[in-house]
Amino acid sequence: MDISTYTSLLALEAPGWGSALLKGTITTLEISFGAFLAGIGIGLGCALGKLNGSRTLAPVLNLYTTVVRAIPELILIVALYYAGTDSLNALLNALSFESVEINGFATAILVLGIVQGAYATEVIRGAILAIPTGQIEAGKAFGMPATMRFRRIILPAMMPTALPGLSNLWASVTKDSALIAVLGYQELAMITKLAASNTKFYFFFFCTAALIYLVITLCSNSVFDSLERRFRRGQVRLG
Amino acid sequence: MDFSWITHYWPLLLKGAEQTIALLVISVSLGFFLAVVLALLQVMGPKPLAKFSSGYCTLLRGTPLLVQLWLLYYGIGSLLPMIPGIRHSFMWPVLREGFFFAAVAFTLNYAAYEAVVLRSALLSVPKGEIEAGKAFGMSRWTLIRRVWLPRAIRIALPTIAGEVVLQLKATPLAFTVTVMDLYSVAYKIRQDTLLVYEPLILVAVFYVALSALIVKVFGRIERQLPVRR
């Protein structure tokens, strides 16, 4: 086996799998990014709900975060996938529309987003709790309305504490996105498997995929490091 | 909700649970030993070995477990039969099975995550305790065995409990390489009976109960350790 075999396997043109792998990588990044944003949105909402919780809302949110964090991701993804498609079709039938085949991309984002949301809730809740109360009270004393207080005080003050947790969540969503392959959706892991079984170069293709995931992780780490440096500017360093 | 299938499938479910627990126990116990070695190498090993160990952790933590599992099962698995003599060796019945590859992949992966935890625990053992050991004239190896490592494991214990639960939650991936673990039994039940949610709920309850048990056991171990604050 020489090097030219491998380069031809990764060629961008038709017999090579280069462009397919590239497309899979982009899909993986899109799914991860979408799920990450959805997760932060859900997490922010649930964290605020838990913190200002009414008696009815708080137990529901607790149930959500506990259940999602206790059940294996793979099982959640499969269950949510079926529950999502079933309930949407039930809704459509009730409104007397035809059943639809659900877009795999949207489901992937939604399903991973719901899983991420449970973890994000706890990360964000902890970060908000870590803000010194005096800072929020100062905002109140200035007569800031709640939304402005959130925008100008809570959000910037919680970011340094929340970032390491969010960076972990991003690392786990890029890897969890591979689980979508189990549902048959064509992201990087699935395309790698297709490429491997078509060409029989299993070892080569899985190593390539592992390398791509590793590059994604390492690049993300450096991005999060510089983000954290930016949000911590002006803070006194300990140690 | 229709749970009548349980009467028919319970032997299979039991077998699946057994496989799941076997995967967990194998990967956690073997992985822990590997993690101790990796962590010690990073903290006090010669530079090339320390580099190798931290590179190993970065690599295994930076790629999805699913890809690692498939790399072993399909990649190495497709290369194994090419080694002459291996097909007729006594190891072949084991090497052929998905279970073997799943156990290896989970062990290697768990070791990488655990090594990082142990490394930071080793570094956070108070200097005075290690110096006390040295003052008693303990050799390097005795010091590690009697003071440094046990102390680090105590520090890391709460994190280790979390990692074991995470490892449990990773085991259903074995179903993608033909292991008949609990999740694949649920998958089979779904195919046979066309019931989607009931098998999944049953399996989810099992996982939740098992993680609660793991947390409880670790809590009990933690409480037995004498701590002076």
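1. Let's start with contacts along the sequence in chain B of this predicted model. Among the chain B contacts with a separation of 6 or more, 80% join residues 24 or more positions apart. The chain has nine helices and zero strands, so there is no sheet pairing to look for, given that strands are assigned as DSSP runs.

2. On overall dimensions, the C-alpha trace of chain B spans about 70 × 50 × 30 Å along its principal axes. Of the 229 residues in chain B, 47% are buried. The accessible surface of this chain is about 12000 Å², and carbon and sulfur atoms hold 68% of it.

3. You may like the charge picture for chain B. There are 22 positive and 11 negative side chains, and 13 Å separates the centres of the two sets.

4. Now the interface. Contact between the chains involves 31 residues of chain B and 30 residues of chain A. Together the two chains bury about 2700 Å², with 79% of that area on carbon and sulfur atoms. On the chain B side, B:Trp70, B:Lys169 and B:Tyr197 lose the most area to chain A, together 21% of what that side buries. How many salt bridges does the rule find across the interface of chain B and chain A? The count there is zero, while the structure holds five over all chains.

5. One of the salt bridges joins A:Lys50 to A:Glu122, at 2.5 Å from N to O. This pair links distant parts of the chain: A:Lys50 sits in helix α2 (residues 18-51) and A:Glu122 in helix α5 (residues 104-129), 72 residues apart. Are the two side chains' residues buried or exposed? A:Lys50 has 15% relative accessibility and therefore counts as buried; A:Glu122, at 19%, is buried too, because the cut-off is under 20%.

6. A:Glu122 has a further partner in A:Arg125, with the closest N and O atoms 3.2 Å apart. These two residues are both in helix α5 of chain A, three residues apart, or about one turn of the helix. A:Arg125 is partly exposed, with a relative accessible area of 28%. A:Lys50, A:Glu122 and A:Arg125 are thus linked in a network of salt bridges.

7. Chain B offers a salt bridge of its own, between B:Lys188 and B:Asp192 (3.3 Å, N to O). The residues are four apart in helix α8 (residues 182-193), so about one helical turn separates them. B:Lys188 is partly exposed at 31% relative accessibility, and B:Asp192 is partly exposed at 41%.

How values were computed: Residues are numbered from 1 along each chain as its sequence is written. Chains are lettered from A and ligands numbered from 1 in the order in which they are written. Side-chain values use heavy atoms; hydrogens and water are left out. Buried means under 20% relative accessible area, exposed over 50%, partly exposed in between (1.4 Å probe, protein chains only). Contact means heavy atoms within 4.5 Å. Accessible areas come from the Shrake-Rupley method with a 1.4 Å probe; for residues, only the protein chains shown count as cover. Lys and Arg count as positive and Asp and Glu as negative; His and the chain ends are not counted. The place of a charge is taken as NZ of Lys, CZ of Arg, CG of Asp or CD of Glu. Buried area is the accessible area (1.4 Å probe) that two parts lose on being put together, summed over both. A salt bridge is a side-chain nitrogen of Lys or Arg within 4 Å of a carboxyl oxygen of Asp or Glu.
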